[in-house]
Amino acid sequence: MKKIAVTSEDPTLDDQVDPRFGRAGGFLVMDLETMEARYIDNGASQTMSQGAGIQTAENVAKAGAEVVLSGYVGPKAFQALATAGIKVGQDCDNMTVREAIEKFQKGEIPFADKPNR
Amino acid sequence: MIITVASGKGGTGKTTVTASLATVWDAPLQVVDLDVEEPNLHLFLWPELGSPAKAWMEVPELDAEKCTGCGNCVELCQFKAISMMLSTLTLYPDMCHGCGGCIAVCRENALQAGRRELGEIRQGRAGKIDFLMGTLRIGEAMSPPFMEQVKKQMQQTLLETNQDVIIDAPPGVSCPAICSVIDSDVIVLVTDATPFGFHDFKLAWESFSPLGKPMGVVINRAGLGTRDIYDFCKKKNIPILAEIPFDRSIAEAYSRGRVIAGVSDELGTVFVSLREKIRDLAADSGKEVSHA
C-alpha cells in the first residue's frame with residue numbers, strides 16, 4: 001500500500017478529518033513510503049447539486065490513492081471507489097488526519113465491505 | 001378550464017378542497033392527483049381504478065465491449081450519471097435526468113437506450129368524474145419527469161372530452177409545484193392563517209405570480225391564527241374565494257375519508273360559492289387579456 005487519501009477539513013495533518021466523503025473540503029494524500037503529504041482541494045464538489053460522491057471518488061482515483069479514510073461514505077461513492085479498486089476505511093470522524101493515518105498504520109481501521117451512509 | 005389547487009405549506013387542505021370542489025362541480029370533470037410523492041385524493045373520492053400502467057424514463061445502458069473509453073459521454077453528463085473511474089466507464093442510472101445526450105455522442109454505439117421506472121399511473125372513475133393519479137416509485141428522486149407523463153395522460157383525456165380539470169398539487173414552491181400549476185388557467189392557494197401558513201403562503205404567491213395566472217385564496221381552519229393573511233391579501237389585491245371554518249365535524253369527516261362539502265348544508269354552500277368564484281376569476285382574467 002503506497003498512497004492513502006484522508007478527507008480533511010483543512011490542509012494540514014493536524015486538521016480534523018472531514019467526516020463527509022463526497023462533500024469533503026479536501027483531502028490529504030500521503031505517500032506511506034516517503035511520508036510526504038500533499039493537499040488536494042475538493043471544494044468544487046461541495047457546490048454540485050448531485051454526484052459529489054462520484055466526483056470526489058474520481059478525484060481520489062486521479063490522485064493515485066489506493067486507500068481512502070473518511071467518516072461516512074455513501075453508496076454511489078462506495079461503488080465508484082470499488083470500481084477503481086480503492087479500499088475504504090470509514091468512521092474516522094472526530095480525529096485529526098495524522099491520528100487517522102497512525103491508526104491505519106497500526107491496523108486499527110478495517111476496510112469496509114459496504115457503505116455506512 | 002384547468003384549476004390547480006396548490007399551497008406553500010403542506011397539510012393546509014389542498015386535497016380536502018379538491019375533493020369537495022370536485023363533488024359540487026356541475027360540469028364534466030377530470031380530477032388529477034399530481035401529488036405523486038404521496039397521492040391521497042383517492043382516499044376521499046373512492047374511485048374505481050383500472051390496473052396501473054408503468055411510466056418510464058430513458059436512461060443509458062452500456063455495452064462494455066463496444067466502449068473505447070473516449071470519455072465523450074462523461075464530459076457531456078452534467079449530473080454525474082456517467083463516470084470514468086480510472087479506465088472503467090460506470091453508469092449511475094438513478095442520477096440520470098434522461099436528456100439522451102450521452103447516447104447521441106457515443107460514436108461506438110456502446111450506449112443504448114435503456115429505461116428506469118418512474119412510477120405508476122392509474123385511471124378510473126369516481127361517479128361521473130374521470131379520475132387520474134400518479135404514484136412515484138419509492139426511491140425515485142425526481143418527480144417532474146413522471147408528473148409530465150401523468151399530465152400527458154390528462155391532456156389525452158381532454159382531447160377526447162370537453163371537460164374541466166381540477167389538479168391536486170404537491171405542496172411547496174419547487175419544481176414539482178411549478179410543474180403542477182404551469183398548465184392551469186386558475187390557481188387556488190389553500191392556506192391556514194397560522195404564522196407558518198402565512199409564511200409559506202407568501203412564498204407560494206411570490207413563486208407563482210410570475211406565471212401571470214389568476215390566483216385566489218381559500219383560508220382553511222378560519223378562526224385560527226392571525227389576521228396577517230387577510231391584511232396581506234387586501235394589500236396585494238388577492239381575492240379570498242372561500243373560508244372553511246375550524247370545526248371538529250370537519251376533522252371527523254376527513255378522518256373517515258368523507259368529502260367535507262357533504263358534512264352540512266353550510267359547508268356545501270361554501271364550495272358551491274367557491275366554484276362560482278373560481279369561474280368569475282377565470283372569466284375576469286380572460287377579459288383583462290382581451291383588453292390588453
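1. Charge distribution in chain B. In this predicted model, chain B carries 28 positive and 37 negative charges, and the mean positions of the two sets lie 3 Å apart.

2. Overall make-up of chain B. The secondary structure of chain B consists of 10 helices and 12 strands, and the C-alpha trace, taken along its principal axes, spans about 70 × 40 × 40 Å. Of the 292 residues in the chain, 50% are buried, while the accessible surface amounts to about 14,100 Å², with carbon and sulfur atoms accounting for 52% of that area.

3. Sequence separation of contacts. If one takes the contacts in chain B between residues at least 6 apart in sequence, 74% of them join residues that are at least 24 apart.

4. The largest pocket. The volume of the largest pocket is about 410 Å³. Its lining comprises 23 residues, and those closest to the pocket centre are B:Gly11, B:Gly13, B:Thr16, B:Arg221 and B:Tyr254. Three elements of chain B each give two or more residues to this lining, namely helix H1 (14–24), strand S11 (215–222) and helix H9 (248–255). Which element gives the most to the lining of the largest pocket? That element is H9(B), with four residues.

5. Enclosed space. Turning from the open pocket to the cavities, the count comes to two cavities of 30 Å³ or more, and the largest cavity holds about 90 Å³ of space. This largest cavity is lined by 14 residues, and the ones that lie nearest its centre are B:Cys67, B:Cys70, B:Cys73, B:Leu89 and B:Cys106. Four of the five residues named there carry the label Cys, the other being B:Leu89.

6. A residue of chain A. A:Arg38 is found in strand S3 of chain A, which covers residues 36–41. Is A:Arg38 buried, partly exposed or exposed? A:Arg38 is classed as partly exposed because its relative accessible area is 44%, a value that falls between the 20% limit for buried residues and the 50% limit for exposed ones.

7. Surroundings of A:Arg38. Once neighbours within four places in sequence are left aside, A:Arg38 is in contact with A:Lys3, A:Phe27, A:Leu28, A:Val29 and A:Ala63. As for A:Ala5, this residue is separated from A:Arg38 by 33 residues in sequence, whereas the C-alpha to C-alpha distance between the two is 9.5 Å.

Notes. Residues are numbered from 1 along each chain as its sequence is written. Chains are lettered from A and ligands numbered from 1 in the order in which they are written. This is a predicted model: local features need pLDDT of at least 70, side-chain atom pairs count only at pLDDT 80 or more; totals for chains, interfaces and linings use all residues. Side-chain values use heavy atoms; hydrogens and water are left out. Buried means under 20% relative accessible area, exposed over 50%, partly exposed in between (1.4 Å probe, protein chains only). Contact means heavy atoms within 4.5 Å. Accessible areas come from the Shrake-Rupley method with a 1.4 Å probe; for residues, only the protein chains shown count as cover. Lys and Arg count as positive and Asp and Glu as negative; His and the chain ends are not counted. The place of a charge is taken as NZ of Lys, CZ of Arg, CG of Asp or CD of Glu. On a 1 Å grid over the protein atoms alone, a cavity is a set of points where a 1.4 Å probe fits but cannot get out, and a pocket is an open set with protein on both sides within 12 Å along at least five of seven lines; lining residues have an atom within 4 Å of a point. Grid points are joined across faces, edges and corners, and a volume is the space filled by probe spheres set on the points.
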